[in-house]
Amino acid sequence: MTTDNPTLDTPTPTSLKPADAPIEQEPIVMLGSPMAIVDGVSFSSGDNWTNLANTLSAQPERLFYPNTLEDLQVIIREATENKKKVRCVGNGHSWSGTAITQDYMVSINGMNKIEKPIQGENGEWTVTIEMGVEVKELDEFLRKHDPPLALASNVMPTDIRYGGILTMGCHGAGLDGRTVSDTLTEITIVNAYGELHIYSEADDPEAFNIASINLGLLGIVYTATLKLVPMSNYRLRAIDSYGSLADYFEGPRAGLKWKEMVERNDSTEILYWPHSTFLGTERNDRFWLKQWRRTLALAEDLEKLKDQAPSVDHPAFAAFKAGDIVKEIPDGIHFGITQEGEGIGEAKIYDASAGFKLAPDFSNFVECFNDLVEKNYAFSTSEFPSRIGTCLEVRFIKASRKMMSFVYDGEDEKAIYCMINVLGARETPGFVEYSQGVLGGWMDKYNAKPHWAKLWEQIPGVIPALRREYEDRLAVLNRVRKTQDPFDMFVNDTWRPLLE
Ligand SMILES: Cc1cc2nc3c(=O)[nH]c(=O)nc-3n(C[C@H](O)[C@H](O)[C@H](O)COP(=O)(O)OP(=O)(O)OC[C@H]3O[C@@H](n4cnc5c(N)ncnc54)[C@H](O)[C@@H]3O)c2cc1C
């Protein structure tokens with residue numbers, strides 16, 4: 001019996017690391033051991049894999065590097081013959097142990113083909129991609145297309161791969177964007193028999209729904225077809241302001257004012273640091289409000305932002321640039337990326353995030369955020385300065401139609417959810433316990449559900465709570481899953497407790 005338990009390194013302040021602590025590793029993949037080949041598919045054995053934040057590690061028996069559909073089928077055949085678990089891995093941006101197995105890990109980074117976009121009879125554009133495609137690769141490809149195209153909403157960083165985005169139900173800040181998986185029209189997955197299964201709404205709505213956010217449990221996702229918008233339809237005007245907490249979060253109409261703003265905007269986002277300056281102790285009474293509105297005005301030259309001083313003096317977030325500027329859709333979405341392509345994606349941070357449905361007057365959001373600001377300040381100042389590197393971030397999105405989404409709403413698909421992120425520099429001592437306690441409180445009070453790719457496995461009592469909340473949906477997932485993977489080939493220690 002193998003165990004897939006990842007090693008979760010408890011954060012340790014750099015200065016407190018013992019003298020014989022291992023030298024910081026390069027993240028993602030260590031190509032230390034010689035490569036071997038089976039039927040044309042290369043793999044390494046026993047190498048140390050770590051995620052981007054260097055908070056998780058694993059030493060899989062084999063780490064495969066496929067390039068084609070046939071390569072994926074060879075890997076499944078090998079796993080069947082040797083009775084091994086299989087989990088895929090993209091750029092290792094996740095904080096939960098979802099990518100980890102000690103058996104066979106599959107780096108999907110070599111699977112990065114993009115097909116020519118197609119315009120359907122209804123005029124709608126779609127593109128089919130392999131799962132190793134990075135956000136920036138698809139953005140650049142679609143910009144050069146005639147006509148230029150884009151995804152209407154997406155994750156903020158550009159160095160994340162679509163396998164990770166779609167299997168985990170990731171999302172951007174676009175209110176109507178829901179999750180990226182909500183824009184799927186078709187998805188193909190190689191199952192535990194080595195067969196390529198094609199899922200679409202027309203063929204089997206229930207199976208397609210589950211396949212759209214499948215948590216990597218139906219097999220290795222090969223391709224996905226995503227809906228696009230022509231870039232000429234609109235651009236995004238970014239409006240930045242520094243609001244006072246008192247003005248926006250106090251008074252009986254506070255929630256309704258947020259609601260009016262969120263419904264008017266394409267996207268709305270909040271960023272908040274507990275102290276006014278990075279190393280200062282003064283409590284911050286202002287937050288950064290980011291709004292995007294759709295406009296037909298022409299995009300402005302991004303070079304204007306190039307030499308602008310960072311809007312935020314926290315080193316982990318220095319790529320964020322403020323400015324009232326009209327941007328093409330992808331530039332608006334990926335606002336935290338510098339001209340040189342560096343950005344938040346490089347940050348060595350922890351992130352715990354959860355979403356919940358907003359009350360008709362948004363009062364539960366106002367209550368939750370006010371409480372979080374207090375808790376975060378208390379945490380950040382309690383061991384000054386080692387805990388200063390925290391940040392709060394909020395986005396608003398409409399409910400997902402996909403059952404395994406953390407913002408799924410089977411009753412009201414127009415419902416608006418908030419996704420609140422509690423972020424902390426990786427070295428922040430006590431951050432895991434703190435953030436997981438906070439999320440546990442939201443689960444009890446607001447029926448919040450944690451983001452699958454972020455920190456959630458350490459929330460006290462999380463498994464029984466999730467099993468209770470997702471009960472009917474887990475039953476559907478299991479029904480579909482058992483037709484594709486009766487051997488539990490794709491079930492690791494992150495998912496087993498939920499599925500049993
Ligand atoms: C700085 C930063 C910013 C972020 N911003 C956002 C954001 O704006 N919105 C958001 O929702 N999330 C965000 N995230 C989370 C991120 O989007 C997810 O962690 C995403 O899954 C990472 O993709 P990846 O390529 O790194 O995949 P990995 O972390 O390597 O893998 C994630 C999961 O995808 C599975 N997988 C990958 N490919 C396949 C495949 N072909 N078949 C089956 N399973 C597969 C893996 O098995 C694993 O379970 C952010 C993360 C970071 C570090």
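**Exercise 1. Locate Pro385 and describe the peptide bond that precedes this residue.**

Step 1: Pro385 sits in the loop between α9 (363–382) and β21, where helices (H or I, at least four residues) and strands (E, at least two) are DSSP runs numbered from the N terminus.

Step 2: The bond joining Phe384 and Pro385 is a cis peptide bond, with omega about 0°.

Step 3: Look for another cis case. The peptide bond from Asp146 to Pro147 is cis too, with omega near 0°, and Pro147 is placed in the loop between α2 (135–144) and β12 (149–150).

Before going on, a word on the model: this is a predicted model, in which local features need pLDDT of at least 70 and side-chain atom pairs count only at pLDDT 80 or more, while totals for chains, interfaces and linings use all residues. Residues are numbered from 1 along each chain as its sequence is written, and side-chain values use heavy atoms, with hydrogens and water left out.

**Exercise 2. Decide how far the coordinates can be read, using pLDDT (the predictor's confidence in each residue, from 0 to 100).**

Step 1: The chain averages a pLDDT of 90, and 87% of the residues score at least 70.

Step 2: Over residues 1–27, pLDDT stays under 50.

Step 3: Where pLDDT is low, the predicted coordinates should not be read in detail.

**Exercise 3. Compare the settings of Lys83 and Asp488, two non-glycine residues with positive phi.**

Step 1: Most residues other than glycine have a negative phi. Lys83 has a phi of about 55°, and Asp488 has a phi near 60°.

Step 2: Lys83 lies in the loop between α1 (69–82) and β8 (86–89); Asp488 lies in the loop between α12 (471–484) and α13 (496–499).

Step 3: Apply the accessibility classes: buried is under 20% relative accessible area, exposed over 50%, partly exposed in between (1.4 Å probe, protein chains only). Lys83 is exposed because its relative accessible area is 73%, whereas Asp488, with 24%, is partly exposed.

**Exercise 4. Characterise the surroundings of Ser400.**

Step 1: Ser400 belongs to the loop between β21 (390–398) and β22 (416–425). Its relative accessibility is 1%, so Ser400 counts as buried.

Step 2: Beyond its neighbours within four places in sequence, Ser400 is in contact (heavy atoms within 4.5 Å) with residues including Arg178, Asp182, Ile213 and Tyr408.

Step 3: The side chain of Ser400 also reaches the backbone nitrogen of Lys402 at 3.0 Å.

**Exercise 5. Find the largest nonpolar core and say where it lies.**

Step 1: A nonpolar core is a set of buried Ala, Val, Leu, Ile, Met, Phe, Trp, Tyr and Cys residues joined through side-chain atoms within 4.5 Å. The largest has 141 residues, and among those with the most contacts inside it are Trp258, Phe365 and Phe396.

Step 2: Helix α10 (residues 431–446) gives the largest share, 8 residues.

Step 3: This core lies between domain 1 (7–108) and domain 2 (118–232), because both give residues to it; the bounds come from an automatic or database domain assignment.

Step 4: Zoom in on Phe365. Leaving aside neighbours within four places in sequence, its contacts include Phe249, Trp258, Val394 and Cys418.

**Exercise 6. Identify atoms of the protein that lie by the ligand's oxygen and nitrogen atoms.**

Step 1: A polar side-chain atom of Ser94 is 2.7 Å from a ligand oxygen atom.

Step 2: Turn to the backbone. An N or O atom of Gly92 lies 2.8 Å from an oxygen atom of the ligand, and one of Val221 lies 2.9 Å from a nitrogen atom of the ligand.

Notes. Polar contact = N/O pair within 3.5 Å; in protein donor to acceptor, adjacent residues only side chain to side chain.
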